[in-house]
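Thank you all for coming. Please take a moment with the sequence and the model before I begin, and keep both in view while I talk.

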Amino acid sequence: MEKHGKQTEAPHQGTHLPAGYVPPYPPAAFQGHAAYPIPQAGYQGPQGPYPGPQPGYPVPPGSYAGGGPSGFPVQNQPAYNHAGGPEGTPWMPAPPPPLNCPPGLEYLTQIDQILVHQQIELLEVLTGFETNNKYEIKNSLGQRVYFAVEDTDCCTRNCCGASRPFTLRILDNLGREVMTLERPLRCSSCCFPCCLQEIEIQAPPGVPVGYVTQTWHPCLPKFTLQNEKKESVLKVVGPCIVCSCCSDIDFELKSLDEESVVGKISKQWSGFVREAFTDSDNFGIQFPLDLDVKMKAVMLGACFLIDFMFFERSGNEEQRSGVW
């Protein structure tokens, strides 16, 4: 006690306390902390417990599978592999589903960018034997949103090549099929405008929410994005020559009058080795955050149609030269 008494009489060096200043804390509170600095004036003491989320912050329900003890989503969930996807990639937590949103599309309501990464198939690289395509669909944070798997038979893949009709099934983190893309067999030449490319987007499977149809043009790759009633909503316009080296290739998302650009689908440059020896491509999709969630799904379908039309290979035949 004598030692503590001396410390209270002699203030710390550099302070300007009046003579006879008595600290507001009892000496017993500083046992083992002889050099503990005196709190500054106005300090209100330690804060109370965390008051919880602010008003208006969306809180997932307690039954949400990705939620922690309080129902909040766990960011680093183990990757679900029912679809055959690679392990280790965290899934995007499911946001609360808004009104009039098809089940499974609530993931798209809170993002304005999608990354589509096609997986490299070793058998296809070594033998040239065409296999079913698989894609990881991620948000801008690298969290997996969906996993897409092509569902076609061996004969169709290897006889029709990149022009093949296909069914693409898009799965969520629980392995549920939330979207189905149907591409019928169409002519791949611009000389036959009566039989141009198209793809149907269904969400949930069996319920069409939109279509992507190719628009005939002598020089440019052009597509029209339609709603479930086949009413035109947006257009996608690509470059005259769909070929590039060491840079991205942009397909611009435009209004119907093509006066304003509101987004784009970009074929991202993947490096010399990957571009030369595989048909595994990376895409980026950008669209307005407030765009109708169904049209966001239609843009995803447009990305897959563009991939097959211009950047898919069949054996040694390159489909990325821009020849229709």
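Two strands count as paired if DSSP finds at least two bridges between them, and the strands themselves (E, at least two residues), like the helices (H or I, at least four residues), are DSSP runs numbered from the N terminus. This is a predicted model, in which local features need pLDDT of at least 70 and side-chain atom pairs count only at pLDDT 80 or more, while totals for chains, interfaces and linings use all residues. Residues are numbered from 1 along each chain as its sequence is written, and side-chain values use heavy atoms, with hydrogens and water left out.

Let me start with one hairpin. Strand 6 is joined to strand 7 (residues 208-215) by five bridges, and the two run antiparallel, with Ile201 standing opposite Gly210 in strand 7. Five residues lie between these two strands, and in that turn Gly206 has a positive phi of about 95°. On the other side of the pairing list, strand 6 (residues 198-202) is also joined to strand 5 (residues 177-183), antiparallel again, by three bridges, and here Thr180 faces Gln202.

Now to the whole sheet: twelve strands form a closed barrel in the order 1-2-3-4-5-6-7-8-9-10-11-12, with antiparallel pairing.

What about the core? The largest nonpolar core, a set of buried (under 20% relative accessible area, 1.4 Å probe, protein chains only) Ala, Val, Leu, Ile, Met, Phe, Trp, Tyr and Cys residues joined through side-chain atoms within 4.5 Å, has 53 residues, of which Tyr146, Ile170, Leu225 and Phe304 touch the most other members. Helix 5 (residues 293-310) gives the most to this core, with 14 residues.

Methods. Buried means under 20% relative accessible area, exposed over 50%, partly exposed in between (1.4 Å probe, protein chains only).
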